[in-house]
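This report describes the fold of one protein and the surroundings of its ligands. Please keep the sequence and the structure in view while reading.

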Amino acid sequence: MEKRPLKFVLINPTSPLWRVNSNQKPVNHSVFRFSMLPSLYVAASLPRHVQTQIIDEDVEPIDFDTDADIIGVSFMTYNAPRAYEIGDRFRAKGKAVIFGGYHPSFMPEEAIQHSDAVCIGEAEYNIPNMIADFQNGGLQQFYKSELVDLADLPHLNRNLIKRNAYVTPNAMQATRGCVHHCEFCSVASFNRYKIRTRPVGDVVKELGTLGRYVLFMDDNIILNKAYAKELFKAMIPLKKRWFSQCGIGIAEDEELLRLAAQSGCRGLFIGFESLSEQTLSAYQKHCNRQKDYLDIVKQIHAAGIGICAGFVFGSDEDGPDVFENTLEFLQKSNMDALQSTRLTPFPGTPLFNRMDEEGRILDKDWSHYDFFHVVHQPIQMSAATLHEGTAWLQREFYSYPSISRRMSKAISYLSPETLLKAVIPLNLGWRFKLTSYGAFKMGNYLEKEQLA
Ligand code: B12
Ligand code: SF4
């Protein structure tokens, strides 16, 4: 029997810093707005009779008077408070609201206070059941998903998003998950410490529908090295330029690094996390221990690939000297970009459970779980030093003289295309984002430490 049509509005909540202003213009620009994959996969998994609209609140406002039958909301921890406001407002109007994403998956009991149903885990197998139950009047509160077989992934319709509002709408995945057990990582626990790969043929087919520049939103695209080599070989004829994230292991396998570069890899986000062996042990980031970071960077640069380094500050082993030491390494290695974050105990991670048991979580306002706030009590420095030390490093790294010094050296190993299309916009984007977060106005932790 033909099902009656159903209207589904799927919302990505914003946060105060990103919110669309009164002129309905996005407050922030699009350098970091590169993926709507969570919503696109939800939309693609809906039954055919469902008419879907995606609203990204960073881009356009929500119509609270919509005639939609059902509202979906996709969120992380930092935008959970806004998601709850949205859920409450729609429910007050009699709409059914369903939640999904990292935060509701890890905090379903909290999330259900503001919704009618929570998808725990991935949407692909869950959402058809949720819709069927809704239409039969039997929507349940919790739907827990098995890990999806990536051969079953549906085809995405990227026309559902406002393509021009994103630095690229061409985000996709070849793998999901990670096998490592870093204490702070929600990705690994969400994916139950497993890596899954898509059939190479499916990835190549999807790539064929996308433009020259592609972002792989994988957690570690080279984790399964045999798979990565097969994929990169198959990608060479496509002549793409691609960016992704991966572990330092890429530099330990010459063939893998060569194939990545040949297949068009021009930039990688790499989680170095810390220079200290003690901190790496504390984070349980064993895959990074006893490695020569300078040599790793040198090899990746020699392959023509730029690096955005991830560093996390505020482990139980970090003292106030961590910021200067890290800056020295970043300058010495000519690191192309930096994401420096304050250690954040996201719900669902082993770190959250430990810190919570130790009574060291200072702040459970989820909107502060954005890496720009300190929400836990560090041991070897004050929370203020952690906050301002991280901002100091960001200011030093993204000062204009520092950016231009880096770029003038990078010309020797990165192509002009990579510099102009990726590395320079990323540096300016970070500077802009950090300025709007106030990092360029923050106090100087060095003076504070000297006074103490
Ligand atoms: C791409 C990405 C971004 C992009 C785009 C984010 C976006 N809006 O899509 C950018 C760079 C903007 C970004 C920013 C941030 N990010 Co981010 N990001 C990612 C990343 C690497 C991939 C996301 C993705 O595309 N996943 C692929 C999709 C298919 O998987 P999924 O998100 O899990 O979605 C599935 C399910 O959750 C479920 N689902 C999701 N939504 C819904 C909704 C409904 C109704 C249903 C039924 C199901 C459902 O079904 C989906 C399909 O299976 C993830 C890591 C990861 N592996 O997910 C981090 C991640 C989501 N980000 C994270 C964080 C912290 C941030 C920032 C706060 C950090 C910062 N300060 O810069 C900012 C937030 C700012 C902002 N405006 O978004 C954390 C979230 C942790 C948490 N518990 O909140 C993650 C997990 C990484 C990490 N560090 O651990 N991010
Ligand atoms: S290696 Fe990266 S993705 Fe894997 S558990 Fe550690 S931080 Fe998470």
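How far is a nitrogen atom of ligand 1 from a polar backbone atom of G101? The separation is 3.5 Å. As with every value in this report, this distance comes from a predicted model.

## Polar contacts of ligand 1

The backbone of G101 supplies one polar atom at 3.5 Å from a ligand 1 nitrogen, and side chains take part as well. In the case of Y78, a side-chain N or O atom lies 3.0 Å from a nitrogen atom of ligand 1. In the case of Y102, a polar atom of the side chain is 3.4 Å from an oxygen atom of the ligand.

## The shell around ligand 1

A total of 39 residues surround ligand 1, and those that come nearest are S74, T77, E124, D219 and D370. By character, the shell consists of 22 nonpolar, 10 polar and seven charged residues.

Which elements each supply at least two residues of this shell? They are the helices α1 (37–45) and α6 (186–190), together with the strands β3 (70–74) and β4 (96–100). Helix α1 contributes the most, namely four residues. The shell also draws on two domains, with at least three residues from domain 1 and at least three from domain 2.

## The two domains

The protein chain is divided into domain 1, residues 6–144, and domain 2, residues 164–451. Their C-alpha centres are 27 Å apart. Between the domains, 29 residues of domain 1 are in contact with 34 residues of domain 2.

## The sheet that begins with β2

One open sheet contains six strands, arranged in the order β2-β1-β3-β4-β5-β6 with parallel pairing. Strands β2 (50–56) and β6 (142–144) are at its edges; each has a single partner strand, so one side of each has no neighbour in the sheet. From one strand to the next, the twist averages 20°.

Within this sheet, seven bridges connect β1 (residues 6–12) with β2 in the parallel sense. Along this pair, V9 is placed opposite Q53 of β2. Helix α2 (residues 80–92) lies across β1, β3 and β4, and runs at about 160° to β4.

## The sheet that begins with β7

Another open sheet of six strands follows the order β7-β10-β11-β12-β13-β14, and its pairing is parallel. Why is one side of β7 and of β14 left without a neighbour in the sheet? Both β7 (171–172) and β14 (337–342) stand at an edge and have a single partner strand each, so one side of each remains without a neighbour.

In this sheet, β10 (residues 213–216) and β11 (residues 241–246) run parallel and are joined by three bridges. Here L215 is opposite F243 of β11. As a general principle, the strands of a sheet pair through backbone hydrogen bonds, in either a parallel or an antiparallel manner.

## The surroundings of ligand 2

Which residues are found around ligand 2? They are C178, H180, C182, F184, C185, A188 and K285. This shell divides into five nonpolar residues, one polar residue and one charged residue.

Methods:
Residues are numbered from 1 along each chain as its sequence is written. Chains are lettered from A and ligands numbered from 1 in the order in which they are written. This is a predicted model: local features need pLDDT of at least 70, side-chain atom pairs count only at pLDDT 80 or more; totals for chains, interfaces and linings use all residues. Side-chain values use heavy atoms; hydrogens and water are left out. A residue is near a molecule or strand if one of its heavy atoms lies within 4 Å of it. A polar contact is a pair of N or O atoms within 3.5 Å; within protein, one must be able to donate a hydrogen and the other to accept it, and residues adjacent in sequence count only if both atoms are side-chain atoms. Ala, Val, Leu, Ile, Met, Phe, Trp, Tyr, Cys and Pro count as nonpolar, Asp, Glu, Lys and Arg as charged, and the others, Gly among them, as polar. Domain bounds come from an automatic or database domain assignment. Two strands pair if DSSP finds at least two bridges between them. Axes are lines fitted to C-alpha atoms, for helices over the stretch in contact, and angles run from 0 to 180 degrees between N-to-C directions. Contact means heavy atoms within 4.5 Å.
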